[in-house]
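Thanks, everyone, for making the time; I would like to walk through one structure this morning, taking its helix packing and then its sheets. Please keep the viewer open while I talk, since I will be pointing at particular residues as we go.

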Amino acid sequence: MKRIVLVSMAMMAATMMQAQKVLQYPKAEKENVVDEYFGVKVSDPYRWLENDTSARTAAWVEAENRVTTNYLSRIPFRDKLLKRLTEVVNYEKIGAPRKRHGKWYYYRNNGLQNQSVLYVMDELGGEPRVFLDPNTLSTDGTVALKGVYFSNNGRWAAYSISRSGSDWQEFYVIDLATGQLTSDHIEWAKFSGASWLGDGFYYSAYDRPEEGKEFSNVNSGHKIYYHKMGTPQSEDVLFFQNPTQPMRFYGVGVDEDETVMYLSESGAGAGNNLYVRDLRQKDAQFVQMTNDMDYQYMPIYNEGDKIYIYTNYGAPKGRIMTADIHHPGINDWQVLVAEKGDMLGDVSVINRQLILTYNKDASDHAFVYGLDGQLRHEVKLPMVGSVGFTGDEKEPECFYTFTSFTMPGTIYRYDMASNVSTLYAQPNVKFRQQDYESRQVFFQSKDGTRVPMFITYKKGLKRNGKNPVYLYGYGGFNISLGPSFSASRIPFLETGGIYAQVNLRGGSEYGEEWHLAGTKMQKQNVFDDFIAAAEYLISEGYTSKERLAIVGGSNGGLLVGACMTQRPDLFQVAIPQVGVMDMLRYHKFTIGWNWASDYGTSEDSREMFEYLRGYSPLHNLKPGTKYPATLVTTADHDDRVVPAHSFKFAATLQECHEGTAPVLIRIDTKAGHGGGKPLAKVLEEQADIYSFILYNMGLKFK
């Protein structure tokens, strides 16, 4: 049995102090760089670290990684933890099958493959054949498959890849009759699918970036092109651009019958604008349906002249409306399924029926509706958890994948007529899920707001204040954190650890009002919620501050950075991953400008600048402060949240920190923001994080 062994605290403290006394952080040169905001001067001495391709930055990165690698390699149980992680992750993972043009496609990973493989079957349950194996596209697994898009005429399948974790995409095309790759190849696409019309497809892309600045320069001028099969990219037709609004995203979608085309415009609010074009009418032009990008407008299905749309316009928790293509303006829309008391989190159209998934206190409940808007029945789900449905708009077969904190992703075949679910595929994980339990608790935040949190642990847990806790949160961009399974948590849970996941304001758990309560001038609510969650876990005896680690990525990295600078006394360990750390300059890199709807920018007003500076992690590090043991993580190909955020934060943290707790940065290579990361890299990173957490709590894995 794996368990935490408490060694003599005096001996462990002596050992840790001895190891940490020898930590010599690389010297980061300071320069006299000063910006002025509304008459206020702000120093930025490590501005040079924003140049991610310079020799000086490369030397600093190499030196930092040397210190970090040396420290992590000396944790006595790090390799044992990696071995156990590898054991528990090594199980077959299967995705729900989907029917396309008479054949069935599904993803499968045999256990330790870096990337999952796409298989095809002639019939459900038939002999599978490899359709596309992304593991063959690179020797180290760093080329990831992003999406597959079948042409409506059944002749082609376009697929997109990313290299080394970047958001840049390339498209290739497979001839479905021969299974062979065609000569078609698209580069410099970004935030794009492939939307087919005839023997060609639309995609969204930027101009070729300046050499050496591919992963840091601002992305502007999103354009839509049409690619005709068999022609070079240089001949692709520019279909749409809006030079007056270079800081927006544009994309088109075409329905399966190729009768309706939609144009979506986003990037200037929390939602999008929607335009429609009737392809049945010769020379038809786009007609604008909406004019407010603060709300979401997503077409989900069309039949004849009727368009079905999900929106949170006039309904903060979401509703389904219909529009007539001949009178598509929003003032003429009709309510089909009215807003409910719970958040409408997902909509699927399968077999000409609506499956609506509502989020109640951060867990899913699914219901089947007719296209007439009438409720037919609730789908009986196995337990509290998260669900995702798979099927075709006009085909009867329906599957769903269900997961919870103690239940790995399990696939059920669902008979919509009889409302009966049948087990289709269940993973065999080396994990006794019956030995663990999850429960949901509610606590009060600083302003009295009731906030939910899930906690997962081994049965028989004692609330003696000695349990190590991995506290995770996000709190932004209308993203909900539901119950989900992660094999990488298993060794930590086996040792007696607690995984706590808190549903902070800024997410979508309770609709748009919950989201807005954690944005712009209310962003502090998110940090207050997270701090209150930590204080609740301590006051209820689950843990103590000496056993508390906080973890979050991206916007969650900002969360960790803000909380560790506001309350350095409250946490033993902090893991800010690929975080937004410089709130005064975030909008100046790649697509950072797109986050202004949640954050505001330092250029908006004096008041907004002061608010951002008041919590920006980089600008709130104070000299002579004892910060928690910190492991900052980032990667060289992260063009979502550029590594400069983490570079400048780590350099400043090492300059300001007083005490023996390590404050390190782990900079991965040939990796990005996290999506598509090969399993081998994921396992190494998780072993580093969990061993760093346990070691700096005075515990060890045995």
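**Helix packing and sheets**

Let me begin with a pair of helices, H6 and H7, which are roughly perpendicular to each other, and I should say at once that what you are looking at is a predicted model. Helix H6 covers residues 524-539 and helix H7 covers residues 555-566, and the two pack at an angle of about 70° with their axes 10 Å apart. If you would like to find the contact on your screens, Gln-524, Val-526, Phe-527, Phe-530 and Ile-531 are the residues on the H6 side, and they meet Leu-558, Leu-559, Ala-562, Cys-563 and Gln-566 on the H7 side. Sorted by class, that contact between H6 and H7 has 8 nonpolar and 2 polar residues, with no charged residues.

Before the other helix pairs, let me step back to the whole chain. The secondary structure of the protein amounts to 11 helices and 39 strands, and its C-alpha atoms fill a box of roughly 80 × 60 × 50 Å along the principal axes. For the 702 residues here, a compact globule would be expected to have a radius of gyration near 27 Å, and the 25 Å of this protein agrees with that.

Now to the second helix pair, helix H3 at residues 78-89 and helix H11 at residues 679-695, whose axes come within 9 Å and cross at roughly 130°. That angle makes H3 oblique to H11, and the crossing in which H3 passes H11 is right-handed. On the H3 side the contact is made by Arg-78, Leu-81, Leu-82, Leu-85, Thr-86 and Val-89, while the H11 residues that they meet include Leu-679, Leu-683, Glu-684, Tyr-690 and Leu-694. By class, the contact of H3 with H11 has 9 nonpolar, 3 polar and 3 charged residues.

The third pair is helix H2, residues 55-73, with helix H10, residues 644-656, and here the packing angle is about 60° with the axes 12 Å apart. H2 and H10 are therefore oblique to each other, and their crossing is left-handed. Thr-57, Trp-60, Val-61 and Glu-64 from H2 meet Phe-647, Ala-650, Ala-651 and Gln-654 from H10, and this contact of H2 with H10 has 5 nonpolar, 2 polar and 1 charged residues.

Let me turn to the strands. As a general reminder, strands of a sheet pair through backbone hydrogen bonds, in either a parallel or an antiparallel sense.

One open sheet has 4 strands in the order S20-S21-S22-S23, with antiparallel pairing. Which strands lie at its edges? They are strand S20 (297-303) and strand S23 (334-337), each of which pairs on one side only, and neighbouring strands in this sheet are turned by 35° against each other on average, with direction ignored. Within it, S20 pairs with strand S21, residues 306-311, in the antiparallel sense over 6 bridges, and Met-298 stands opposite Tyr-310 in S21.

Another open sheet of 4 strands follows the order S28-S29-S30-S31, again described with antiparallel pairing. Its edge strands are S28 (386-391) and S31 (420-425), each pairing on one side only, and the twist averages 30° from one strand to the next. Strand S28 is joined by 6 bridges to strand S29, residues 398-403, and these two run antiparallel; the bridge partner of Ser-386 is Thr-403 in S29.

I will finish with a hairpin. Strand S32, residues 436-444, and strand S33, residues 450-458, run antiparallel and are joined by 9 bridges, with Ser-438 standing opposite Thr-456 in S33. How many residues lie between S32 and S33 in this hairpin? There are 5 residues between them, and Gly-448, which sits in the turn, has a positive phi of about 90°.

Definitions and conventions:
Residues are numbered from 1 along each chain as its sequence is written. This is a predicted model: local features need pLDDT of at least 70, side-chain atom pairs count only at pLDDT 80 or more; totals for chains, interfaces and linings use all residues. Side-chain values use heavy atoms; hydrogens and water are left out. Axes are lines fitted to C-alpha atoms, for helices over the stretch in contact, and angles run from 0 to 180 degrees between N-to-C directions. Angles under 35 degrees count as roughly parallel, over 145 as roughly antiparallel, 65 to 115 as roughly perpendicular and the rest as oblique. A crossing is left-handed if the near helix is turned anticlockwise from the far one by less than a right angle, and right-handed if clockwise. Contact means heavy atoms within 4.5 Å. Ala, Val, Leu, Ile, Met, Phe, Trp, Tyr, Cys and Pro count as nonpolar, Asp, Glu, Lys and Arg as charged, and the others, Gly among them, as polar. Two strands pair if DSSP finds at least two bridges between them. The radius of gyration is taken over C-alpha atoms; the globule rule is 2.2 Å times the number of residues to the power 0.38.
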